[in-house]
Amino acid sequence: NEIDRIKKENDNLQLELRHLKGEDIQSLNLKNLMAVEHAIEHGLDKMEYLMTKRRNLHQTFSVAGKNVGGGESATQFP
């Protein structure tokens, strides 16, 4: 039955989401824990990449602004 299949898929996706959020991880075996760890590490790497890219763009625009009109940009990024 298509409805039962979709309900089961929905349940599995909700459980996976809880695992990725760090909830209900007691039920995971080592292989699944390692998969969650990998997903988290990949997400952290992506965030670090995006933050570095953002800082580089900010520096580029700051230098360009100084060359064009002088002065600092009003927007500050961490």
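Three short exercises with worked solutions follow. The model is predicted: local features need pLDDT of at least 70, side-chain atom pairs count only at pLDDT 80 or more, and totals for chains, interfaces and linings use all residues. Residues are numbered from 1 along each chain as its sequence is written, and side-chain values use heavy atoms, without hydrogens and water.

**Exercise 1.** State how many helices and strands the protein chain has, and what share of its residues count as buried.

Solution.
- Step 1: Count the elements. There are two helices and zero strands. Helices are DSSP runs of H or I with at least four residues; strands are E runs of at least two, numbered from the N terminus.
- Step 2: Check burial. Of 78 residues, 6% count as buried. Buried means under 20% relative accessible area, exposed over 50%, and partly exposed in between (1.4 Å probe, protein chains only).

**Exercise 2.** Place Arg5 and find the polar contact of its side chain with Glu2.

Solution.
- Step 1: Arg5 sits in helix α1, residues 2-20.
- Step 2: Its relative accessibility is 46%, so Arg5 counts as partly exposed.
- Step 3: The side chains of Arg5 and Glu2 are joined by a polar contact of 2.7 Å. Such a contact is a pair of N or O atoms within 3.5 Å; within protein, one must be able to donate a hydrogen and the other to accept it, and residues adjacent in sequence count only if both atoms are side-chain atoms.

**Exercise 3.** Locate Glu37 and Met47 and classify their exposure.

Solution.
- Step 1: Glu37 belongs to helix α2, residues 30-68. Met47 is also in helix α2.
- Step 2: Glu37 has 44% relative accessibility, so Glu37 is partly exposed.
- Step 3: Met47 reaches 48%, so Met47 is partly exposed.
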